[in-house]
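This report looks at charged side-chain pairs in the structure shown below. Where do they sit along the chain, and are they buried or exposed?

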Amino acid sequence: MPRPKTIYSSRPRNGRSSFNSRRPSRPGKQYIHPSKFIKTAKPVEEVVYNATHSFDNFEINDLIKRNVISKGYETPSPIQDQSIPAGLEGRDIIGIANTGTGKTAAFAIPVLNKLMNDRNSNALVLAPTRELAIQIQDECKSFAVGSGLRGAMLIGGAPMGPQLRDLKARPDIVIGTPGRIKDHVERGTLNLSKFNIVVLDEVDRMVDMGFINDIRQLLGELATPRQSFFFSATIDNKVEALMRTFLNDPVHVSVRTGDTGENIEQSVIQYQGNMTKIDKLHDVLIDEKVAKVLVFDDTQRSVERLSKELQSRGFAADAIHGGKTQGARQRALNRFRTNEITILVATDVAARGIDVADITHVVNYSQPNTYDDYVHRIGRAGRAGRIGYALTFVTSER
């Protein structure tokens, strides 16, 4: 009998893996007229929300309640206030909310509560990126301290050995990315037939990243009946079809506040030639208004090169991309969160799942593939009602 572990006691170690590299290749860049990158910010007035519950009066396990309150949680956010009671009742939930609204607690609290009350239950949590999966793990771990629940983290970029060990210990909850979870299912190291709870976080991003078929396959392996939590910032036709197929009489909770980018001051920087481009970026970064910056570039190689160039110019910068080990990516992200560095250069894929509240500027050093990608990029600035800034480099030759 494997030695029981507290939830997620084993963190992924550094390592490389190609398991999560099966995404379909995306089409080439669409031409986006530079005028689409110019827009004056319209500050979004925060609406005061009067919660109908408190964390103290949610009908949850006393241990979870103590852990939640010890973290300073008192009044639930709108998505938490409306989702947690329905989740505790066993209802399927569709949650529509912007990033940074407390979605993780909205599903984690009812899921962990059910796992503690019914030891025959198992939960699967799918996230689009390794970084988001780790954020979910950390939050769940803090809520479940002392519960005896066991977990497994299944993500690419981490060695298989620790994951296989955790799976042999029969985890109560499995968190991971679709590609690596699918690998374990196909290897026969993960049997989903007894998993009767499933969470899909940022469904729209997983679909956008090409995981739609993997998600359908994994959902088809799960137990029935089951409880499902689908959280998304937007719903398009593909996401809606997925929800219709796999959800049973869901409760709809929508607390999305306006369109991403309304409170972002958007403008362009024209350049001619690479030397002019890097010098113009330098000028942007030395502006006293620029406090914390996320810079996007196209490829792993260009991101690494740009990061080193900025370091050579005296900037506190680092890079995050798929070519780095998970440990190196997490260290760079932690340094960015704690202001040890103030500039993070990233590829689109590596940046998904980054939730850092105080980013002031997003710089599109290379233009995004699509306008939707642009919207997702710039939405990382201007959180919590603040004005953010988005600067996009455009060549003056066209």
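## Lys103 and Asp201

In this predicted model, Lys103 and Asp201 form a salt bridge through their side chains, with an N to O distance of 3.3 Å. The pair joins distant parts of the chain, the two residues being 98 residues apart. Lys103 belongs to helix 3 (residues 103-117), while Asp201 sits in the loop between strand 5 (197-200) and helix 7 (203-208). Both Lys103 and Asp201 are buried.

## Glu240 and Arg244

A salt bridge within one helix is formed by Glu240 and Arg244, both in helix 9 (residues 237-246). Their side chains meet at 3.8 Å, N to O. The two positions are four residues apart, about one turn of the helix.

Are these side chains buried or exposed? Glu240 has a relative accessible area of 39% and is therefore partly exposed. Arg244 reaches 60%, so Arg244 counts as exposed, the cut-off for that class being over 50%.

## Arg313 and Glu309

Arg313 and Glu309 are also paired in a salt bridge, and their closest N and O atoms are 2.6 Å apart. Arg313 is partly exposed because its relative accessibility is 26%. Glu309, at 30% relative accessibility, is partly exposed as well.

## Network and total

Some salt bridges are connected to one another: Asp318, Lys324, Arg335 and Glu340 are linked in a network. How many salt bridges does the structure hold? The count is 17.

Methods:
Residues numbered from 1 in each chain as written. Predicted model: local features only at pLDDT ≥ 70, side-chain atom pairs only at ≥ 80, totals over all residues. Heavy atoms only, no water. Salt bridge = Lys/Arg side-chain N within 4 Å of Asp/Glu carboxyl O. Buried < 20%, exposed > 50% of the residue type's maximum accessible area, 1.4 Å probe, protein only.
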